[in-house]
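Student: I should like a close look at a single part of this structure. Please choose one helix, describe how it is built and covered, and then trace the side-chain pairs around it.

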Amino acid sequence: VRWALLHLGVPHTTTSFAPPFGPAKAARRLEPRLPPGTKLTAPILVLPGGEPVLNAYAIATCAAEQAGDSGFTDGKEVGMWVERADLAMRAARAAFLAKWAEDEETMWLVLPGWMRALGPIGRWAGRQGMKDFADKYQNEGSGLGVHDLISVLQSLNARKGSYLVGSRFTYADLVIATVVESSAPADGYLVESGLRRFARENTVPVSSELVEWKDWIFAEHFPAEIKGKDIV
C-alpha cells in the first residue's frame, strides 16, 4: 500500500500495527466508526476525517481518486489481476497456517528478529500475534494450498518491458510483482517478513521470464525511499 501511496504522491504518515498490541490499539481508535465485530488487520488507511479504509485495493482506489489518477486502479482487467493476487496470497497464508498447525516452530521461524531476540517473551508475543492471524485467515484458505499459488503464477504471461493492463503502470503490476517477489525475492527491495521467509524456504517455482518482468517492474517503479522497508 505504501508503494501505491508514494507512486500516486499522496501524503501520509505510518503507524505500527505489529502484534500483539498494535491491533488492540487500532481497535480502540477505530471501533466507534466500524460495524460491530469487524476484525482489523493491516493495512488500514485513516482519512483526515477519521474514517477508516480497511482493504488494500480500496485504499489504493481511494488514493488514486485523491491523486486524480483513477486509471491506476479502475477497470475490469485491473480488478481481475487483483483477484489473482488475492488468490495467491490466500494460498500462501493457507499453506503457512497448515504448517504452523503441524509445528509451532514455524511461528518462531517467521517472527521478526527483534521479537526472536526477546526469547520467551517474544515467543509469547508471537504466539498471540499468530492466534490473531489465524483467527482472521483460517477460514479464507479452505481448500487452498501451495499448488494454487503455483497455478496463479504459471497463468501469467508477463514479459519484461510490458505492462499487464494497457501501456502504463497500474495497481495490477504492483500487486502481481509483489506476489512474484515473495517467491523469487531480489535483494534490497522488500523488508523480510514471515510470509516471505516461509515462501522462500518452501520454494514455489517461477519462470525466468516472470522473474525478469518482476525485476523490471521493481527497477522502474519501486520508490527508493521505501527500499528494504515495510510496504504494507
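Tutor: The answer below takes up one helix, then its side-chain pairs, and closes with the whole chain.

This is a predicted model, in which local features need pLDDT of at least 70 and side-chain atom pairs count only at pLDDT 80 or more, whereas totals for chains, interfaces and linings use all residues. Residues are numbered from 1 along each chain as its sequence is written, and side-chain values use heavy atoms, with hydrogens and water left out.

The helix chosen is α9; helices (H or I, at least four residues) and strands (E, at least two) are DSSP runs, numbered from the N terminus. It has 13 residues, which at 1.5 Å a residue should span 18 Å, and the 19 Å between its end C-alpha atoms agrees with this. The expected span is 1.5 Å times one less than the number of residues. The helix is mostly covered, with 12 of its 13 residues buried. Here buried means under 20% relative accessible area, exposed means over 50%, and partly exposed lies in between (1.4 Å probe, protein chains only). Among the buried residues of α9 are Y171, D173, E181 and S183.

The charged side chains give α9 one of its links to the rest of the chain. Side chains of opposite charge can pair when their charged atoms come close. The structure holds three salt bridges, each being a side-chain nitrogen of Lys or Arg within 4 Å of a carboxyl oxygen of Asp or Glu. In one of them K214 pairs with E181, with the closest N and O atoms 2.8 Å apart. This pair links distant parts of the chain, since E181 is in helix α9 and K214 in helix α11, 33 residues away. Both partners are covered: E181 is buried at a relative accessible area of 0%, and K214 counts as buried at 1%. K214 also forms a salt bridge with D215, where the closest N and O atoms are 2.6 Å apart. D215 is partly exposed, with a relative accessible area of 32%. E181, K214 and D215 are thereby linked in a network of salt bridges.

A further bridge involves the loop before α9. The side chains of R168 and D69 meet at 2.9 Å, N to O. R168 lies in the loop between α8 (146–154) and α9, and D69 in the loop between α3 and α4 (76–102), so the pair ties together parts 99 residues apart in sequence. R168 is partly exposed, at a relative accessible area of 31%.

The aromatic residues supply another kind of link. A pair of aromatic rings is described by the distance of the centres and the angle of the planes. Rings of Phe, Tyr and Trp (its six-membered ring) pair if their centres lie within 6.5 Å; planes under 30 degrees apart count as stacked, over 60 as edge-to-face and the rest as tilted. A search of the whole structure finds eight such pairs. W3 and F222 form an edge-to-face pair, at 4.9 Å centre to centre and 75° between the planes. Because W3 lies in helix α1 (residues 2–8) and F222 in the segment after α11 (208–221), this pair ties together parts 219 residues apart in sequence. Both W3 and F222 are buried. The rings of Y57 and Y171 have centres 5.6 Å apart and planes at 5°, so this pair is stacked. It joins helix α3 (residues 56–67), which holds Y57, to helix α9 (residues 171–183), which holds Y171, across 114 residues. Y171 counts as buried at 5% relative accessibility, while Y57 is partly exposed at 24%. Ring pairs link W3, Y57, F72, F169, Y171, F218 and F222 into a cluster.

The partner helix α3 has 12 residues, which at 1.5 Å a residue should span 16 Å, and its end C-alpha atoms are 16 Å apart, in agreement. Its buried residues are I59, A60, T61, A63 and A64. What covers them includes α9, α1, β1 (45–46) and β2 (52–53).

For the whole chain, there are 11 helices and two strands. Of its 232 residues, 42% count as buried. With contact taken as heavy atoms within 4.5 Å, 67% of contacts between residues at least 6 apart in sequence join residues at least 24 apart.
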